[in-house]
Amino acid sequence: MERSTRRSLLSALVAAALLGVVLLCRARTGWADWYALRFYPVWSGAASWLSARLPVSLEEWIVLGAIALAVIYLIRIRKRWAALVSLLLWMTVWLYAGWGINYFRSSIYQRAGKQPERFEAQRFRQFLDDYTQQLNDSYQPFDELDKERLEQDVKQFYSALPPQWGLAKPKPWQKPKRLLLNRLYSAVGVSGYVGPFVSEIQINEEIPPRQFPVVYAHELSHLLGVSSEAEANYWGYRACMASSDPQIRYAALQSLLPYVMRNARSALPEEEYKAWQQTIRPEVKEVLLQEQDYWQERFSPLLGRIQGWFYDLFLKGNRISSGMANYNEVVQMILTLEN
């Protein structure tokens, strides 16, 4: 056996051992909570401070570099198979140690001391009436977005959250990074993401101004330790609703509309659902159609299905049992936590 192969195998064994330790947190929620409350805030603050020295997304370059290296190893697989195994294991260790252990922490319901609210028709209808009136009353044409004010309002909201919610505090240097592959992200339906390697916020630069506030607040919550997509939707909504800017509050209510519609379609009789749709202000429905058309023009069904399938498997493999459907659970979260 060549010396380089032996070194790669030793490296792979070390990575596998570390991965085993990391994944013990999957079965021990207390360990994952300690990570989320004690280790992760320090790591993410330091990593994001270092990565902030560069205006471009370091996460993108790390992933692209790892893919390029993996392709080289695959081409030379007969001699480099051990190096490929080592690379994949170390990237997995880095993913979980840098952010992914947050998947195994206590849920937002446990942190709030509540059980998820069961569906009650009267309660849901009252929520639907209140939400629709707020949405209709808040509508306004969207002018140019003041991103500095948005950042100030959202970070102020997260900074003021009580410790029981278990989120790290945002830092002044944590800002969205410039991306190379915006068109690819649009093609697979990704509006933003948080990289697990060096704690960066990434937001697709093709996103319309009206959708930017909630996507920013959503992704920032992930950076602060939120793993559930429903919880990130909840905090994104709450953070924007707390803004002093009426445009941002309207953006929050508008962003919730697709999830409310999906819940209403499944919860209400067909005639009642259609009647409720008629109570939505025409301008609001027009905004929804414009946003859907905008993304549909950029979306690739093939690439989108592939990305959605992989991400669904990834979520289900990390204790998000509903997979991609987790996004829609934000309505239940609002009904439970704001009751």
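**Exercise 1. Is Ala 15 buried or exposed?**

*Solution.* The structure is a predicted model, in which local features need pLDDT of at least 70, side-chain atom pairs count only at pLDDT 80 or more, and totals for chains, interfaces and linings use all residues. Residues are numbered from 1 along each chain as its sequence is written, and side-chain values use heavy atoms, with hydrogens and water left out.

Step 1. Apply the cut-offs: buried means under 20% relative accessible area, exposed over 50%, and partly exposed in between (1.4 Å probe, protein chains only).

Step 2. Ala 15 has a relative accessibility of 0% and therefore counts as buried.

Step 3. Locate the residue: Ala 15 belongs to helix 1. Helices (H or I, at least four residues) and strands (E, at least two) are DSSP runs, numbered from the N terminus.

Step 4. Leaving aside neighbours within four places in sequence, Ala 15 is in contact with Leu 89, Trp 90 and Val 93, where contact means heavy atoms within 4.5 Å. The C-alpha atoms of Ala 15 and Leu 89 are 5.8 Å apart in space, although 74 residues separate the two in sequence.

**Exercise 2. Describe the setting of Ser 11 in helix 1.**

*Solution.* Step 1. Helix 1 spans residues 3-23 and contains Ser 11.

Step 2. With a relative accessible area of 24%, Ser 11 is partly exposed.

Step 3. Once neighbours within four places in sequence are set aside, Ser 11 is in contact with Ser 86 and Trp 90.

Step 4. Asp 312 lies 301 residues from Ser 11 in sequence and 30 Å from Ser 11 in space, C-alpha to C-alpha.

**Exercise 3. Characterise the largest cavity and the salt bridge formed by Lys 177 and Glu 200.**

*Solution.* Step 1. The structure holds two cavities of 30 Å³ or more. A cavity is a set of points, on a 1 Å grid over the protein atoms alone, where a 1.4 Å probe fits but cannot get out; lining residues have an atom within 4 Å of a point.

Step 2. The largest cavity encloses about 40 Å³ of space, a volume being the space filled by probe spheres set on the points, with grid points joined across faces, edges and corners.

Step 3. Its lining includes Lys 177, Ser 199 and Glu 200. Helix 2 (29-51) and strand 3 (200-203) are the elements that give two or more residues to this lining.

Step 4. Side chains of opposite charge can pair when their charged atoms come close. Lys 177 forms a salt bridge with Glu 200, with the closest N and O atoms 2.6 Å apart; the criterion is a side-chain nitrogen of Lys or Arg within 4 Å of a carboxyl oxygen of Asp or Glu.

Step 5. Lys 177 counts as buried at 8% relative accessibility, and Glu 200 is buried with a relative accessible area of 2%.

Step 6. Consider Ser 199 in the same lining. Ser 199 is found in the loop between strand 2 (192-195) and strand 3, and counts as buried at 3% relative accessibility. Its phi is positive, about 55°, although Ser 199 is not a glycine. Most residues other than glycine have a negative phi.

**Exercise 4. Contrast the salt bridges Lys 155 to Glu 151 and Arg 298 to Glu 206.**

*Solution.* Step 1. The structure holds 11 salt bridges.

Step 2. Lys 155 and Glu 151 meet at 2.8 Å, N to O. Both lie in helix 7 (residues 147-159), four residues apart, about one turn of the helix, and both are buried.

Step 3. For Arg 298 and Glu 206, the closest N and O atoms are 3.6 Å apart. This pair links distant parts of the chain, 92 residues apart: Arg 298 is in helix 13 (residues 282-298), and Glu 206 is in the loop between strand 3 and helix 9 (212-223).

Step 4. Arg 298 is partly exposed, with a relative accessible area of 25%, whereas Glu 206 is buried at 14%. Salt bridges that share partners join Arg 183, Glu 206, Glu 297 and Arg 298 into one network.

**Exercise 5. Where is Leu 180 placed?**

*Solution.* Step 1. Leu 180 is in the loop between strand 1 (176-177) and helix 8 (182-187).

Step 2. Leu 180 counts as exposed at 52% relative accessibility.

Definitions and conventions: 1 Å grid on protein atoms, 1.4 Å probe; cavity = no way out; pocket = protein on both sides within 12 Å on 5 of 7 lines; lining within 4 Å.
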